[in-house]
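This report describes salt bridges between charged side chains. Look at the sequence and the structure before reading on.

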Amino acid sequence: MKVLILNVDLGKPDYQAHADEFLMLAKGAGAEVVATVVARRSRPDAALFIGTGKLDEAVLIADETGAEIVLFDQPLTPGQQRNLERGFNRRVVDRVALILDIFALRAKSHEGKLQVELAQLQHLSTRLTRMWSHLERQRGGIGMRGPGEAQLEMDRRIIGDKVRLLKERLERVQRQRTTQRRSRSRGSILSVSLVGYTNAGKSTLFNSLTRAGAFAADQLFATLDTTTRRVWIEGAGQVVISDTVGFIRDLPPTLIAAFRATLEETVQADLLLHVVDASSPQRDEQMAEVDKVLADIGADEIPRILVYNKIDEAGYEPRVERNEHGTIARVFVSALKRAGLDGLRGAIVESGQIAGNNASNIENL
């Protein structure tokens with residue numbers, strides 16, 4: 001589907017990284033990008049986010065290139081989206097809706113599909129107006145997967161009932177996960193969760209550590225559903241390792257809330273492996289975004305090791321670094337080349353023992 005991307009430069013230093021990431025999101029959703037328009041503003045316009053002059057310019061380019069959809073790289077209010085769609089006479093998909101669309105495309109498990117549908121319905125419930133009447137003949141495509149076009153005709157009561165039903169189902173899933181975690185706790189099994197920015201190589205590292213076959217690809221949100229495997233690590237015994245959904249800058253709050261059950265694997269872990277793309281120029285900003293989400297879900301106090309992945313692309317050698325207290329802080333690996341994995345396993349054993357001792361001390365208080 002042909003799309004026009006509308007990027008808004010608000011003068012922030014990470015604008016280009018934000019724009020590049022949005023382009024990856026668009027391509028991940030299957031878009032054929034025919035044109036890109038950049039609007040520079042000091043602050044968003046209340047009615048259109050961009051000015052009327054830039055809107056007129058973008059409409060002309062959309063007409064000339066045959067763009068069917070406009071992808072807007074910022075979250076829009078319902079009013080802004082309605083006004084833009086009237087101006088373009090096309091469907092406008094903002095950043096939140098695009099991420100939700102990709103999640104709908106990638107969700108494979110029953111739980112994942114429930115979570116995506118819940119997030120889509122919550123997003124849709126704020127936009128239920130007749131603003132869609134001029135788009136009724138358009139079918140399918142980006143921004144319309146999952147619950148899709150039929151839900152545009154639902155009233156708030158029906159959507160509200162559906163949201164409650166989905167929350168009840170997800171609560172049952174959460175109770176099942178809690179039971180499974182209690183079983184692992186009784187067996188004194190170390191629980192390790194891989195976290196990190198999307199496309200940092202978490203799934204490749206997960207496969208290298210566990211010899212599992214989790215899907216891994218060079219794209220944003222390649223993995224959506226949490227995958228858990230048991231693996232034997234000398235010195236630690238049986239270890240449960242979980243691969244979780246990747247984070248992204250400005251992750252929509254509705255997604256964090258909807259994926260609470262999946263992120264519980266992170267909250268309840270004994271040890272976090274924060275996987276970082278060592279070759280990314282934006283790695284510091286990406287690490288900060290992950291830290292922010294971990295704080296949002298209450299996982300910021302869990303012992304953590306920074307795992308610098310993709311060292312084959314960054315020109316680093318495999319190694320283990322310690323902080324001023326002698327505690328392992330960073331491990332440099334290449335999951336793809338399977339370099340540095342022995343050092344990582346040793347770090348898991350050492351950090352797991354410390355985490356276990358801390359947990360025992362807390363229980364004895």
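## A bridge between two strands

In this predicted model, D9 and R40 form a salt bridge, with their closest N and O atoms 3.9 Å apart. D9 belongs to strand β1 (residues 2-9) and R40 to strand β2 (residues 32-40), so the bridge ties together parts that are 31 residues apart in sequence.

The two partners sit in contrasting surroundings. D9 has a relative accessibility of 16% and counts as buried, because buried means under 20%. R40 has a relative accessibility of 65% and counts as exposed, because exposed means over 50%.

## A bridge within one helix

R164 and D161 also form a salt bridge, and here the closest N and O atoms are 2.2 Å apart. Both residues lie in helix α6 (residues 156-186), where they are 3 residues apart, about one turn of the helix. D161 has a relative accessible area of 35%, which makes this residue partly exposed.

## A bridge between a strand and a helix

The side chains of R304 and D291 meet in another salt bridge, at 2.7 Å from N to O. R304 is in strand β9 (residues 304-309) and D291 is in helix α10 (residues 283-296); the pair, 13 residues apart, links distant parts of the chain.

Both partners are partly exposed: R304 has a relative accessible area of 28%, and D291 has one of 33%.

## The whole structure

How many salt bridges does a search of the whole structure find? The search finds 14. Some residues are joined in a network of salt bridges, namely R319, E321 and R330.

Conventions: Residues numbered from 1 in each chain as written. Predicted model: local features only at pLDDT ≥ 70, side-chain atom pairs only at ≥ 80, totals over all residues. Heavy atoms only, no water. Salt bridge = Lys/Arg side-chain N within 4 Å of Asp/Glu carboxyl O. Helix = DSSP H or I, 4+ residues; strand = E, 2+ residues; numbered from the N terminus. Buried < 20%, exposed > 50% of the residue type's maximum accessible area, 1.4 Å probe, protein only.
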